Amino acid sequence: MTRSSAVLLQVTLTIFSFALLVNCNNPEKADDNPNVWRAPENARDLKNPFRDDTSAIAKGRELYKLHCWQCHGESGYGDGAAGGALGAQPANFHSNRVRRQADGELFWKLANGRGNMPPFKDVLKDEERWELITYIRKMSDREYRLSPPQALRPDISVEKVMETDSLAVRILQNPITKDVYYTTFDGNVFQVRNFNTKNAISKKILTVKDHGITRLQGAEFVKNQLFLSGNVDDTAKKATGGRMVKFETDTAGAHNMTVVFNTVMYGTNKTIYDHGWNALAASPDGKYIYVNSGARTDHGEVQDNGGLYPGARDNALTSKVFRFPTDAKDLMLTDDIALLKQKGYIYSEGIRNAYDMAFDPSGNLFAVSNSSDYDNPEDMFWIRQNHHYGFPWVMGGIENPQQYKDWQPDPKTDKFINEFSHSWRVKYFHTDSTFPQIPDSVKFTPGVQNLGPDANEYRGHSGKVIDGDLTGIPVSTFTPHSSPLGLFFDNKKVLSDEFRGDGFVIRYTLGARGNMMRQFTMQGSDLLHLELTYDAATDNYFVRTTRIADSFVEPVDAIMIGSDVFVIEYGGKKGNIWKISLPTNSKKTSK
């Protein structure tokens, strides 16, 4: 999920949040809740000048794609990937409670904002807000599925495999049984029977009650053991903790669980930036399991949850990649960085949110991370032990200006600040006299350098958006705000010469409907081919990036089985799994 994205994903997604028009945790009974957001009585008297106007509906649809879908979902059910990070569920525009409200009440709320939803009276003109309200009234299911995904070259084909349950975040295969599974953000694990056939059907085999992870974002098989990771929030969502468990299925079909670790509870926040524990990757020899814990901030700012945690930024349990033996059990991780390092649990630091990680055929671990609301490129990192990758001081090869005490943020003078960004609207970009200094002993490792020809747009020092192909300047790594995830490699080297042993990644965000990414490109929501080359002079990798398929809707993860790639979509209400067949040297292909 913006770049979280969860994102997802608590995707940890760095996409703009048009958050809580109405508090709809229980929309049919909310009238009795004193905490429900109500507009003043006279707001009902405001009249919509565009009701049922087809032109206004079309314009409102474009505004919705820019400002709303990330939290409220494609079809307005309050199930967008970015909304998963919020303390209260974003409004379901189809609920009776929203339907009963007058257009004027919604117009007033949109203008004035509350909590995570900033006021839009300074962002949208009155006319635009009315157009948006008019569109919300006319929303229908599957609003954005205008066409299926498309291959961008003739030797690649795309076909639909099946529909999935809502809020899907991971797809994976058991390497022993070859069964395919997928997991959902709200804690469900599904086993797919008859996968890749017309009779494919999913069966729910595990829920939150089985594993205790309320925000489930990571899943990985190590031989026949299923590892799950995510967060456990307290009932008031004021504190959270990380948790990893593993399941092994016995001969009778029972799923036996072992706890790998829990963390102490630490302060959550009220934003879309509480990324949590998510991506998992198993070492090729099966001895270790790696897990990413994303930042609890956008760019290292204070997130005190309304004053509950004064001065709280990131801590010893966030913005890091951890490593544990696969036979570890019942560990308790504390917010003590010295102790965590002493025990060997912290593998690398300074990574904002590596929502996916994967090993290449040579055993190198790579990760793709989403950057902040500032116009930083989205890094891909070669993850190595004891390396620090820059967060919160550097992201996407660009210094975080908030570390400098004289910084005066203003989109008019600093073009890297998008006026539509959540961090600007709610003032997370600000002069910050207490921002921590870079430790003297730390040396930052840069991201993989993207040579294009695709996904290499960036903002130059002049403030202008530039295509890296025109300047020849490498970018670290992908177009800003594109939310890369679903990283995988052709580890069995079954593909044709052009692709053999290479990497692939998907981009969650589509520039055409992302109010931050569209300044760079209209492309996105696509599958990228990554041709990586090691450079001894810099002890780093360069990558040539090419788009090979696009037109996905909220793609969140992908796996490779044989020569086929299976991409799963988040699907706020219902999602899909698509099969992308890549070219092979047939004599090398084995499934």
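Two strands count as paired if DSSP finds at least two bridges between them. The exercises below apply to a predicted model.

**Exercise 1. Strand S17 and its sheet**

Task: Find which residue of S17 is the bridge partner of Phe322, and work out where S17 stands in its sheet.

Solution.
1. In S17, Phe322 has Ile346 as its bridge partner.
2. Strand S15 (residues 320–325) and S17 are joined by 3 bridges in the antiparallel sense. The cut-off for pairing is at least two bridges, and S15 and S17 pair.
3. The sheet is open and has 4 strands, ordered S13-S14-S15-S17, with antiparallel pairing.
4. Strand S13 (277–282) and strand S17 (346–349) are at the edges; each has a single partner strand, so one side of each lacks a neighbour in the sheet.
5. From one strand to the next, the twist of this sheet averages 20°.

**Exercise 2. A second open sheet**

Task: State the strand order of the open sheet that contains S4, and name its edge strands.

Solution.
1. The order is S4-S5-S6-S7, 4 strands in an open sheet with antiparallel pairing.
2. Strand S4 (168–173) and strand S7 (201–206) are the edge strands, since each pairs on one side only.
3. The average twist from one strand to the next is 30°.
4. S7 runs antiparallel to strand S6 (residues 189–193), and 5 bridges join them. One pair to locate in the structure is Val192 with its bridge partner in S7, Ser202.

**Exercise 3. The surroundings of strand S10**

Task: Decide whether strand S10 (residues 239–249) is largely enclosed or not, then list strands that pair with S10.

Solution.
1. Buried means under 20% relative accessible area. Of the 11 residues of S10, 9 are buried, so the strand is largely enclosed by the rest of the structure.
2. Strand S9 (residues 225–233) pairs with S10 over 9 bridges, antiparallel. In this pair Asn231 is opposite Gly242 of S10. The two strands form a hairpin with 5 residues between them, and Lys237 in the turn has a positive phi of about 55°.
3. Strand S11 (residues 255–263) pairs with S10 over 7 bridges, also antiparallel. Thr249 has His255 of S11 as its bridge partner. S10 and S11 form a hairpin too, with 5 residues between them; in this turn Gly253 has a positive phi of about 90°.
4. Strand S12 (residues 266–267) runs antiparallel to S10 and is joined to it by 2 bridges. Here Thr240 stands opposite Tyr266.

**Exercise 4. Two packed helices**

Task: Classify the packing of helix H4 (residues 103–112) against helix H5 (residues 126–137), and describe the residues in contact.

Solution.
1. The axes are 10 Å apart and the angle between the helices is about 125°.
2. That angle makes H4 oblique to H5.
3. The crossing of H4 and H5 is right-handed.
4. H4 contributes Asp103, Gly104, Leu106, Phe107, Leu110 and Ala111 to the contact, and H5 contributes Asp126, Arg129, Trp130, Leu132, Ile133 and Arg137.
5. These residues divide into 7 nonpolar, 1 polar and 4 charged.

**Exercise 5. Ala358**

Task: Determine whether Ala358 is buried or exposed, and which residues it touches beyond four places in sequence.

Solution.
1. Ala358 lies in strand S18 (residues 354–359).
2. The cut-off for buried is under 20% relative accessible area. Ala358 has 10% relative accessibility, so it counts as buried.
3. Leaving out residues up to four places away in sequence, Ala358 touches Asn364, Leu365, Phe366, Leu487, Phe488 and Phe489.
4. Ala358 and Phe488 are 130 residues apart along the chain, with their C-alpha atoms separated by 5.7 Å.

Technical notes. Residues numbered from 1 in each chain as written. Predicted model: local features only at pLDDT ≥ 70, side-chain atom pairs only at ≥ 80, totals over all residues. Heavy atoms only, no water. Buried < 20%, exposed > 50% of the residue type's maximum accessible area, 1.4 Å probe, protein only. Contact = heavy atoms within 4.5 Å. Axes fitted to C-alpha atoms, helices over the stretch in contact; angles between N-to-C directions. Parallel < 35°, antiparallel > 145°, perpendicular 65-115°, else oblique. Left-handed = near helix turned anticlockwise from the far one by under 90°. Nonpolar A, V, L, I, M, F, W, Y, C, P; charged D, E, K, R; others polar.
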